[in-house]
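Here are my notes on the model you sent over. I've kept them as numbered points so you can follow along with the structure open.

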Amino acid sequence: MKTGSKARVDSQTVSLAGRAHRRAVFLDRDGTLNEERNYLIQEEDLEIIPGVPEAIRRLNDAGFLVIVVTNQSGVARGYFGLPDVEKLHAALCRKLADAGARIHGFYICPHHPTEGVGELRTNCDCRKGKPGLLLRAAEEHGIEMGASFMIGDKPSDIEAGEAAGCTSLLVKTGYGKETAEGLPPGRVKIFPNLSKAADFVLSEAAQGAKHA
Ligand SMILES: [Mg+2]
Ligand SMILES: [Zn+2]
C-alpha cells in the first residue's frame, strides 16, 4: 500500500515537472491596472485603478500566477528606454505590495511594426493581439493556457488571449467602453473593472475545483 501511494506521488511529480500545470491570469497594464495615460513612464503619473490591488491579492490567494503583459511601443518610438519601463514596474509592485498583492512576471513588447527606428521597428510576434508575450510566459512558468485567463481593455488584449488559448475577459476601464461597443454582442464577457473580472475568475476556478 505504502509503495503504491509513493509511486503515485512520484508519477504525479514527474508529470507536473514535465508539462504545463499552473493557472495564470494575464493582465494588461494601462487601462486595466492603472489609469490610462499616453505613454505613461513617470511614477507620479501612475494611478492605480480602485480595487486592483485587492483583486490581484485575491487571485494570488487562489493560487493563480499573475502576469502582466504590456505593449510599450514608446520604447520603439524612442520616448523612453526599457530600464525606465522596468523602474515604473518596480514602483507598481511597491504600491501593490502595500495591499499584499504580488505580480509574478512582467512581459513587455517594446516593438512597433511601422514607427521608430532601428531593430525595435519590426513586425514582431509579441505585440498584442499576437500571443508571443503570453506564450513566452507560459513556457517560463509552466502555465496551462486552457485553465488561464487574459484580462484587458483593448481588442488586442482579447485577440492575444484567444490566440494563446486562454479565456479572454474585457474590462470597461481604460479604453474598455469603446472596445465593448465595437465587439459583437456575446463575443467576450465584459466587466466594469478588474475587481469584478476577478470575481468571475475566482467563481470559475471554484466551479472547476468542485468538478475535479
Ligand atoms: Mg490597456
Ligand atoms: Zn514585440
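1. A word on terms before we start: helices here are DSSP runs of H or I with at least four residues, numbered from the N terminus. With that in hand, look just past α6, where Gly-165 takes a positive phi of about 95°. There is a similar spot elsewhere: α2 is followed by Gly-63, and the phi of Gly-63 is positive too, near 95°. Keep in mind throughout that this is a predicted model.

2. Now the overall layout. The protein chain has eight helices and six strands. Reading from the N terminus, the elements go α-β-α-β-α-α-β-α-β-α-β-α-β-α. Of the 212 residues in the chain, 35% are buried. If you take the contacts with a separation of 6 or more, 65% of them are between residues 24 or more positions apart.

3. The sheet comes next. Its six strands are arranged in the order β3-β2-β1-β4-β5-β6, with parallel pairing, and the sheet is open. β3 (105–109) and β6 (189–191) are the edge strands, each pairing on one side only. On average, neighbouring strands in this sheet are turned by 25° against each other, ignoring direction.

4. For a closer look at one pairing, try β4 (residues 149–152) and β5 (residues 167–171). These two strands run parallel and are joined by four bridges. Met-150 sits opposite Ser-168 in β5, and Gly-152 has Leu-170 of β5 as its bridge partner. As for β5 itself, four of its five residues are buried, so call the strand mostly covered.

5. Which residues touch the most other members of the largest nonpolar core? They are Val-25, Phe-26, Leu-134 and Ile-151, out of 45 residues in that core. Strand β2 (residues 65–71) supplies the largest share, five residues. Ile-151 is worth clicking on: leaving out residues up to four places away in sequence, Ile-151 touches Val-25, Leu-27, Asp-28, Thr-32, Leu-169, Val-171, Leu-194 and Ala-197.

6. Val-66 is a good residue to pick in strand β2. Is Val-66 buried or exposed? Val-66 has 20 other C-beta atoms within 10 Å; the cut-off for buried is 20 or more, so Val-66 counts as buried. Beyond its neighbours within four places in sequence, Val-66 is in contact with Val-25, Leu-27, Ile-56, Leu-59, Asn-60, Arg-102, Ile-103 and His-104. Phe-106 lies 40 residues from Val-66 along the chain, and their C-alpha atoms are separated by 9.2 Å.

7. Compare that with His-21, in the loop between α1 (2–18) and β1 (24–27). His-21 has 13 C-beta neighbours inside 10 Å. Since exposed means 12 or fewer and buried means 20 or more, His-21 counts as partly exposed. His-21 and Glu-144 are 123 residues apart in sequence, yet their C-alpha atoms are 5.1 Å apart in space.

8. Helix α4 (residues 82–97) passes a simple length check. Its 16 residues should span 22 Å at 1.5 Å a residue, and the C-alpha atoms at its ends are 22 Å apart, which agrees. The buried residues of α4 are Val-85, Leu-88, Leu-92 and Leu-96. Why do these line one face of the helix? Seen down the axis of α4, they fall within an arc of 85°, so they share a face. In general, an α-helix has 3.6 residues a turn, so residues three or four places apart point the same way. Pro-83, Glu-86, Ala-90 and Arg-94 are exposed on the other side of α4. The cover over the buried residues of α4 includes α2 (52–61), α3 (73–76) and β3.

9. On α2, the buried residues are Val-52, Pro-53, Ala-55, Ile-56 and Leu-59. They cover an arc of only 160° around the axis, which puts them on the same side of α2.

10. Last, back to α6 (residues 155–164), which lies across β1, β4 and β5 and runs at about 175° to β4. Its buried residues are Asp-157, Ile-158, Ala-160, Gly-161 and Ala-164. Viewed down the axis of α6, these fall within an arc of 165°, so they line one face of the helix. What covers them includes β1, α5 (132–141), β4 and β5.

Conventions:
Residues are numbered from 1 along each chain as its sequence is written. Chains are lettered from A and ligands numbered from 1 in the order in which they are written. This is a predicted model: local features need pLDDT of at least 70, side-chain atom pairs count only at pLDDT 80 or more; totals for chains, interfaces and linings use all residues. A nonpolar core is a set of buried Ala, Val, Leu, Ile, Met, Phe, Trp, Tyr and Cys residues joined through C-beta atoms within 7 Å. Two residues are in contact if their C-beta atoms, placed from the backbone, lie within 7 Å. Two strands pair if DSSP finds at least two bridges between them. Axes are lines fitted to C-alpha atoms, for helices over the stretch in contact, and angles run from 0 to 180 degrees between N-to-C directions. The expected span of a helix is 1.5 Å times one less than its number of residues. The arc is that of the directions from the helix axis to the C-beta atoms.
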